[in-house]
Amino acid sequence: MGSPPTKTKQFRLHIEEGDRSWLKDARFTSREVFVRSIELKQRGLSRTDIQRHIKPDDYLANNKCAVVGKALATWGSYQKLRSQWLSLDNPEDYPEPGAPSTDRKGAFPLVMAHGEGYRLTVRDDGRVGFSISAKPYKKVSGFLRGRHSDIGLLKDALTETDGEYGFGQAEVLYREGVYYLHVPIQYNADIPDKSDAETVIGVDINERNVALTALNRETLATKGTLVFDYGPVKGERARLHDISRRCQERDQHSIYRRIGDKEERYVNWVLYRISAAVLAFAETFDAPTIVFEDMSGIRDGMDYGTFMNRRLHRLPFRALQDQIEHKAAWNEIPTFEVDAYYNSQTCSCCGERGTRRKGRFTCRNDECSLQQDHADRNASVNVAWRGVRRISSDDEPADNYRTRKTQPSVRLVSLCGSGRDVNRPTSSAQLAARGVLN
Ligand SMILES: [Zn+2]
């Protein structure tokens, strides 16, 4: 992971000094800077040249650098997404990633580096004070309001002196009459070594669900097993995508944009919910480590067709692994990857190859007592098992199979509803607890 794990928290600005209109002006200038950056990038200019070309009036040079940086990062992730999308064998089933818009009018977040464009301090009255350089020599200041726990985290980050915390680029946003500050709080977590783990949690991510299995590292006994099913989510996403495509065809751009945003929000909500529940599941156990499949390479002898299918189906879910890894790092849980070598076709009990059909895994070995299992859970057991092998001493025989003869019955959690219109959803801890065996 390149950058330290970060939590971005939202605060309301309670402005005491300076003029709100300065923030507004700065947000509109941010849009110009953003659009100009994308245009110059499309014409092939380098970062340095783009920075040199853009000289907005009445705007902090440092903030300009931050907005250009954000524009180029947006462009970069668009390019990456697009190449992933193009490499799918069924790209039409997924929305085509949209290029960063250059015809949009209005405001854009004011992006600022900590210590340059914005400063935060713990004031004598116990509040967290802010000072934002909206324009050269024009500061807007006051204090932040927000959730109690978020303010608490911010104060910890501002008062600790060991360099554990840092601050990323903050953004000023405006919604329905209120100014907000989004502050990325970085935490240089002290992550334990995976070889000290006592519980190894295998994660299998596929187009239907996320399957988790927690193994006791010493005994290989199953401590918990859980499958998050997002079948209904896929349907909802497809529905939103379908609507947005029809709107696009009819050139109803504003509706398209709104539904596109809705789809994005919805997907983000799902990623957030699942990654939070995976973390809650991991934290139930002693000294956990989380293991994923490494889908980046192909090993000799692996069936190319099967591997590519599995890898491609997983691509849209790469974001989910990123988010779980990120949250794990913040919570000081080590993560790593193991080979994806036949994880989905191997029996988690005896190690023989088996067959998977309609979500069931069937072992071909007559003497194996597993016979059948939930296919994705079976794969997650194999991932966990490989994880245990990796962190255990090297002198163990390579195929010292295996886990318990029979796996406990699978616990299935269905994720449905949407970010907005659902009745208070079950907490992540409650979701996770359903998979913990006693
Ligand atoms: Zn078997």
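**Sheets, a helix pair and two residues in a predicted model**

Buried residues account for 32% of the 438 residues in the protein. The model is a predicted one, and its secondary structure adds up to 10 helices and 17 strands. Looking at contacts with a separation of 6 or more, 70% come from residues 24 or more positions apart.

To begin with the helices, H1 (residues 20-42) packs against H3 (residues 61-86) at an angle of about 50°, and their axes lie 9 Å apart. H1 is therefore oblique to H3, since angles from 65 to 115 degrees would be needed for roughly perpendicular and angles under 35 for roughly parallel. The crossing of H1 and H3 is right-handed. On the H1 side, the contact is made by Ser 30, Val 33, Phe 34, Ser 37, Ile 38 and Lys 41. Facing them from H3 are Lys 64, Val 67, Val 68, Ala 71, Leu 72 and Trp 75. Sorted by character, the residues of the contact of H1 with H3 come out as 8 nonpolar, 2 polar and 2 charged.

Next come the sheets. One open sheet has 6 strands in the order E13-E12-E9-E10-E11-E17, and its pairing is mixed. Strand E13 (335-339) and E17 sit at its edges with a single partner strand each, so one side of each has no neighbour in the sheet. On average, neighbouring strands of this sheet are turned by 25° against each other, direction ignored. Within the sheet, strand E9 (residues 199-205) and strand E12 (residues 288-294) run parallel and are joined by 4 bridges. Ile 201 stands opposite Ile 290 in E12. Helix H8 (residues 318-330) packs on this sheet, where H8 touches E9, E12 and E13, and its direction makes about 155° with that of E12. Helix H9 also lies across E9, E12 and E13, along with strand E10 (209-216) and strand E11 (222-229), and runs at about 135° to E9.

Another open sheet has 3 strands, ordered E14-E15-E16, with antiparallel pairing. Its edge strands are E14 (354-357) and E16 (372-374), each of which pairs on one side only. From one strand to the next, the twist averages 25°. Strand E15 (residues 360-363) is joined to E16 by 3 bridges, and the two run antiparallel. Thr 362 has Gln 372 in E16 as its bridge partner. H9 turns up here as well: it lies across E14, E15 and E16, and runs at about 90° to E16.

Two residues deserve a closer look. Cys 363 is located in strand E15 and counts as buried because it has 23 C-beta neighbours inside 10 Å, where 20 or more are needed. Leaving aside residues up to four places away in sequence, Cys 363 touches Cys 347, Cys 349, Cys 350, Glu 352, Gly 354, Cys 368, Leu 370 and Gln 371. Gly 351 is 12 residues from Cys 363 along the chain, and their C-alpha atoms are separated by 9.1 Å.

Ser 392, by contrast, is found in the loop between helix H9 (375-391) and strand E17 (412-414). Ser 392 has 14 other C-beta atoms within 10 Å, so this residue is partly exposed. The C-alpha atoms of Ser 392 and Ser 195 are separated by 7.1 Å, although the two residues are 197 residues apart along the chain.

Note on methods: Residues numbered from 1 in each chain as written. Predicted model: local features only at pLDDT ≥ 70, side-chain atom pairs only at ≥ 80, totals over all residues. Buried ≥ 20, exposed ≤ 12 C-beta atoms within 10 Å, placed from the backbone. Pairing = 2+ DSSP bridges. Axes fitted to C-alpha atoms, helices over the stretch in contact; angles between N-to-C directions. Contact = placed C-beta atoms within 7 Å. Parallel < 35°, antiparallel > 145°, perpendicular 65-115°, else oblique. Left-handed = near helix turned anticlockwise from the far one by under 90°. Nonpolar A, V, L, I, M, F, W, Y, C, P; charged D, E, K, R; others polar.
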